[in-house]
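Me: I would like a close look at a single part of this model, namely the pairing of two neighbouring helices and what surrounds it. Please take me through it residue by residue where you can.

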Amino acid sequence: MTRFILDKITPFFVIIFLFGLSIIKGFIYVWSFLFFLFLTRAFIIRFLNFRREYYSDSYAAKLLSKEIMISALSKFPEISSSIFSTHPSIKKRIKNIEND
């Protein structure tokens with residue numbers, strides 16, 4: 001029975017539930033919790049994206065060669081990274097290929 005109910009829960013219902021809870025309990029606690037979840041999700045996605053980028057760079061370097069990959073990456077312009085950037089910097093990617 002519980003498994004059936006949990007299968008039907010969608011993010012929409014969770015948001016409706018939390019909004020209702022925020023009206024009863026107070027806005028600050030619920031919205032601060034939602035903000036914490038948003039930030040946690042953003043950092044997990046960032047970590048996974050960085051790992052995939054490093055993995056794909058090292059895989060491409062194994063297929064081609066390190067020199068070709070470093071040459072290709074060095075042609076990209078360096079973009080300033082922020083806390084929410086989805087890719088590591090070009091310098092870090094080249095350093096990762098050199099250390100691989």
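Reply: What follows is a connected account of helices H4 and H5, with some remarks on helix H3. The model is a predicted one, and the account should be read with that in mind.

Helix H4 covers residues 66–74, and helix H5 covers residues 90–99. The two helices pack with their axes 10 Å apart and at an angle of about 175°; since an angle over 145 degrees counts as roughly antiparallel, H4 and H5 are therefore described as roughly antiparallel to each other. On the H4 side the contact is made by Lys66, Met69, Ile70, Leu73 and Ser74, which meet Ile90, Arg93, Ile94, Ile97 and Glu98 on the H5 side.

Among these H5 residues, Ile90 deserves a closer look. Ile90 has a relative accessibility of 12% and therefore counts as buried, because the cut-off for that class is under 20%. Leaving aside residues up to four places away in sequence, Ile90 touches Leu73, Phe76, Pro77 and Glu78, and of these Leu73 is one of the H4 residues that take part in the helix pairing. With Glu78, which is twelve residues away along the chain, the separation between C-alpha atoms is 6.2 Å.

Arg93, another H5 residue in the pairing with H4, also leads to helix H3, where Glu53 lies. Glu53 touches Arg93 as well as His87 and Pro88, again not counting residues up to four places away in sequence, and at 17% relative accessibility Glu53 counts as buried.

H4 also contributes to the surface, through Ile68, which has its place in that helix. At 47% relative accessibility Ile68 counts as partly exposed, because this value falls between the 20% limit for buried residues and the 50% limit for exposed ones. Ile68 joins Tyr55, Tyr59, Leu63 and Leu64 in a nonpolar surface patch, whose members together have about 580 Å² of accessible area. The largest share of that patch, three residues, comes from helix H3, which spans residues 27–63.

Elsewhere in H3 is Val30, which at 7% relative accessibility counts as buried. The C-alpha atoms of Val30 and Leu18 are separated by 6.7 Å, with the two residues lying twelve places apart along the chain.

Taken together, H4 meets H5 through the residues named above, while Ile68 of H4 belongs to the nonpolar patch.

How values were computed:
Residues are numbered from 1 along each chain as its sequence is written. This is a predicted model: local features need pLDDT of at least 70, side-chain atom pairs count only at pLDDT 80 or more; totals for chains, interfaces and linings use all residues. Side-chain values use heavy atoms; hydrogens and water are left out. Patches are made of residues with over 30% relative accessible area and no salt bridge: like charges are joined within 9 Å, nonpolar side chains (Val, Leu, Ile, Met, Phe, Trp, Tyr) within 5 Å. Accessible areas come from the Shrake-Rupley method with a 1.4 Å probe; for residues, only the protein chains shown count as cover. A salt bridge is a side-chain nitrogen of Lys or Arg within 4 Å of a carboxyl oxygen of Asp or Glu. Helices (H or I, at least four residues) and strands (E, at least two) are DSSP runs, numbered from the N terminus. Buried means under 20% relative accessible area, exposed over 50%, partly exposed in between (1.4 Å probe, protein chains only). Contact means heavy atoms within 4.5 Å. Axes are lines fitted to C-alpha atoms, for helices over the stretch in contact, and angles run from 0 to 180 degrees between N-to-C directions. Angles under 35 degrees count as roughly parallel, over 145 as roughly antiparallel, 65 to 115 as roughly perpendicular and the rest as oblique.
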